[in-house]
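Here are some exercises to work through with the model open beside you. Try each task first, then follow the solution step by step.

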Amino acid sequence: MDESRPGYTAELLRHFADLRDGVHGNAVSRQDKERLFADAVPLLDPYARQALTEINDDLLLRTGEILSTGVRSTEAGVDAVWALAWPEQRDAGISPVTLHAFYGAGFHHPHLRGGTVGDWPLNVFTEEHAAAKLANLREIAAADVHNLVFQRDYRIIPATVRGTRTTR
């Protein structure tokens, strides 16, 4: 990344340059872009798990379980999903907190999204790129938790119900 600008704007510029140039990480063909996506998923995995583990530890009081799919082919393209499920969420009949990396069939390049929040560019080609996504993964997961509370109510969060205090 360009050291003279913040990482997130450098990533956006890389993303926009790919759109301009018709490439994704120097790949032109769909097959090569899918290979890059498949390479990115294991790089992202520890950071996706870290973001979800932090929510599980702090908000869900370690009652949750993290599930992941790895790279898989779907009718819509290729994707990978990390999900954090817990008893209150399942009892409420709502989706788990979800981090979704996907490369849609009609897309130029991959993206990240949450279960209830929109898309982020996914331009991960190195360990450094993957590590830089931790902040995004944390924000996506936090936004997903926030939106799931609004689908039901605050009682799906064990730390809220069990009297864990917060500082103001």
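The protein chain in this predicted model runs through the pattern α-α-β-β-β-α-β-β-β-α-α-α when read along the sequence.

**Exercise 1. The fold in outline**

Task: How many helices and strands does the protein chain have, and what radius of gyration would a compact globule of 168 residues have?

Solution. Start with the elements: the chain has 6 helices and 6 strands. Next, take the overall extent. The C-alpha trace spans about 55 × 40 × 25 Å along its principal axes. Now test this chain against the globule rule: for 168 residues a compact globule would have a radius of gyration near 15 Å, and the value for the protein chain, 17 Å, agrees with that. Finally, look at which parts of the sequence meet. Of the contacts with a separation of 6 or more, 58% are between residues 24 or more positions apart.

**Exercise 2. Surface and charge**

Task: Find what share of the residues is buried, and how far apart the mean positions of the positive and negative charges are.

Solution. Begin with burial, taking under 20% relative accessible area as the cut-off. Buried residues make up 40% of the 168 residues. Then turn to the outside: the accessible surface comes to about 9100 Å², and carbon and sulfur atoms account for 52% of that surface. For the charges, there are 18 positive and 23 negative ones in the chain, and their mean positions lie 5 Å apart.

**Exercise 3. Three salt bridges**

Task: Which aspartate pairs with arginine 20, which with arginine 49, and which with arginine 62?

Solution. Recall the principle first: side chains of opposite charge can pair when their charged atoms come close. The cut-off used here is a side-chain nitrogen of Lys or Arg within 4 Å of a carboxyl oxygen of Asp or Glu. The count for the model is 8 salt bridges, and three of these are worked through below.

- Step one: arginine 20 meets aspartate 21, with N to O at 2.7 Å. Arginine 20 counts as exposed because its relative accessibility is 64%, while aspartate 21, at 43%, is partly exposed.
- Step two: arginine 49 pairs with aspartate 45, and their closest N and O atoms are 3.0 Å apart. Both residues belong to helix α2 (residues 30-58) and sit 4 residues apart, about one turn of the helix. Arginine 49 has 30% relative accessibility and is partly exposed; aspartate 45, with 22%, is also partly exposed.
- Step three: arginine 62 joins aspartate 57 at 3.3 Å, N to O. Here arginine 62 is exposed at 63%, and aspartate 57 is partly exposed at 32%.

**Exercise 4. A lysine in a loop**

Task: Is lysine 133 buried or exposed, and which residues is lysine 133 in contact with beyond its neighbours within four places in sequence?

Solution. Locate the residue first: lysine 133 lies in the loop between α4 (127-132) and α5 (134-151). Then check its accessibility. Lysine 133 counts as buried because its relative accessibility is 2%, and the cut-off for buried is under 20%. Lastly, list its partners: leaving aside those sequence neighbours, lysine 133 is in contact with Glu11, Leu44, Leu112, Pro121 and Val124.

**Exercise 5. Positive phi without glycine**

Task: What are the phi values of asparagine 26 and leucine 61?

Solution. Take asparagine 26: its phi is positive, about 75°, although the residue is not a glycine. Asparagine 26 sits in the loop between α1 (7-21) and α2, and is exposed at 73% relative accessible area. Now take leucine 61, where phi is near 55°, again positive in a residue other than glycine. Leucine 61 belongs to the loop between α2 and β1 (65-68), and with a relative accessible area of 30% is partly exposed.

**Exercise 6. A link across the sequence**

Task: Which residues does alanine 92 touch, not counting those up to four places away in sequence?

Solution. Place alanine 92 in the loop between α3 (87-91) and β4 (97-104). At 19% relative accessibility, alanine 92 counts as buried, since the cut-off is under 20%. Next, follow the chain 59 residues along to glutamine 151: the C-alpha atoms of glutamine 151 and alanine 92 are separated by 9.2 Å. To finish, read off the contacts: alanine 92 touches Arg152 and Ile156.

Methods. Residues numbered from 1 in each chain as written. Predicted model: local features only at pLDDT ≥ 70, side-chain atom pairs only at ≥ 80, totals over all residues. Heavy atoms only, no water. Helix = DSSP H or I, 4+ residues; strand = E, 2+ residues; numbered from the N terminus. Rg over C-alpha atoms; globule rule 2.2 N^0.38 Å. Buried < 20%, exposed > 50% of the residue type's maximum accessible area, 1.4 Å probe, protein only. Contact = heavy atoms within 4.5 Å. Areas by Shrake-Rupley, 256 points an atom, 1.4 Å probe, with all protein chains shown as cover. Lys, Arg positive; Asp, Glu negative; His and termini not counted. Charge placed at Lys NZ, Arg CZ, Asp CG, Glu CD.
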